Amino acid sequence: MKTGLQLPHFRPSTPATRRAWLTEIGQTADGGGFDSIWLMDHFFQLGGWLGDAEDEMLEGYTTLGYLAGITEKIKIGLLVGGVIYRHPSVVVKMISTLDVLSGGRAYFGIGAAWYEHESVSLGLPFPPLKDRFEQLEEALQIFHQMFSGDPTPFNGKHYQLKFPHNNPQPLTQPHPPIPVSYTH
């Protein structure tokens with residue numbers, strides 16, 4: 001059995017103690033038998049027991065890079081990355097970089113996104129659900145194309161790429177595992 005650890009919030013909440021806490025959690029999980037660490041791809045906290053939207057929330061991909069640098073074995077990923085937050089071709093580069101620099105330990109979670117409050121508050125588009133699922137489908141096509149090394153143009157309804165080149169490729173072949181999700 002494989003066991004993952006999800007970190008839905010970051011406490012204690014001062015910059016110095018947060019870094020020390022995250023280091024301790026990451027290194028303890030790395031040496032303590034956990035298979036993976038998962039972070040949320042949110043810019044605001046989700047409310048309820050997790051805390052108010054205004055509470056501290058670290059950006060997911062940057063935090064994964066930090067975790068990759070302080071750990072050696074544990075796999076790392078977002079549960080899940082919102083397709084509307086970043087252009088798919090840039091996400092491929094981010095995941096490829098994370099996988100290379102972590103020694104092949106990246107997971108690549110992706111989903112249609114749902115947290116309208118944070119998107120609208122930060123000036124990010126929040127398309128209707130149908131469009132977000134169309135974007136997710138096209139993004140998955142782009143991911144597979146770029147991870148395969150195929151640089152031919154991609155012309156979709158939502159995304160157009162003239163030269164979808166990805167070098168270096170991730171160490172994990174054919175690509176890091178891609179859990180796909182939509183939650184609300």
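This passage describes the overall fold, the surface and a group of aromatic residues in a predicted model of a protein chain.

The protein chain contains five helices and eight strands. Read from the N terminus, these elements follow the order β-α-β-α-β-β-α-β-α-α-β-β-β. The radius of gyration is 17 Å, close to the 16 Å that the globule rule gives for 184 residues, so the chain is as compact as a globular protein of that length. The C-alpha trace spans about 45 × 35 × 30 Å along its principal axes. Of the 184 residues, 46% are buried. When contacts between residues at least 6 apart in sequence are considered, 71% of them join residues at least 24 apart.

The surface was examined in terms of area and charge. About 9,200 Å² of the protein chain is exposed, and 59% of this area is supplied by carbon and sulfur atoms. The charged side chains comprise 13 positive and 18 negative ones, and the centres of the two sets are 5 Å apart.

A search of the whole structure for aromatic pairs yields five. One of these is formed by Phe108 and Phe147, whose rings are arranged edge-to-face, with a distance of 6.0 Å centre to centre and an angle of 90° between the planes. The two residues are 39 residues apart, and their pair links distant parts of the chain. Phe108 is located in the loop between helix H3 (88-101) and strand S5 (110-111), whereas Phe147 belongs to helix H5 (residues 129-148). Both partners fall below the 20% limit for burial: Phe108 is buried because its relative accessible area is 0%, and Phe147 is likewise buried because its value is 3%. The arrangement extends beyond these two rings, as ring pairs join Phe108, Phe143 and Phe147 into a cluster.

Phe147 also takes part in the surroundings of a histidine, His175. The latter residue, His175, lies in the loop between strand S7 (160-161) and strand S8 (180-181). With a relative accessibility of 18%, His175 is under the 20% cut-off and therefore counts as buried. Apart from neighbours within four places in sequence, the residues in contact with His175 are His144, Phe147 and Pro170. Phe147 is thus described by two sets of relations: a place in the ring cluster with Phe108 and Phe143, and a contact with His175.

Definitions and conventions
Residues are numbered from 1 along each chain as its sequence is written. This is a predicted model: local features need pLDDT of at least 70, side-chain atom pairs count only at pLDDT 80 or more; totals for chains, interfaces and linings use all residues. Side-chain values use heavy atoms; hydrogens and water are left out. Helices (H or I, at least four residues) and strands (E, at least two) are DSSP runs, numbered from the N terminus. The radius of gyration is taken over C-alpha atoms; the globule rule is 2.2 Å times the number of residues to the power 0.38. Buried means under 20% relative accessible area, exposed over 50%, partly exposed in between (1.4 Å probe, protein chains only). Contact means heavy atoms within 4.5 Å. Accessible areas come from the Shrake-Rupley method with a 1.4 Å probe; for residues, only the protein chains shown count as cover. Lys and Arg count as positive and Asp and Glu as negative; His and the chain ends are not counted. The place of a charge is taken as NZ of Lys, CZ of Arg, CG of Asp or CD of Glu. Rings of Phe, Tyr and Trp (its six-membered ring) pair if their centres lie within 6.5 Å; planes under 30 degrees apart count as stacked, over 60 as edge-to-face and the rest as tilted.
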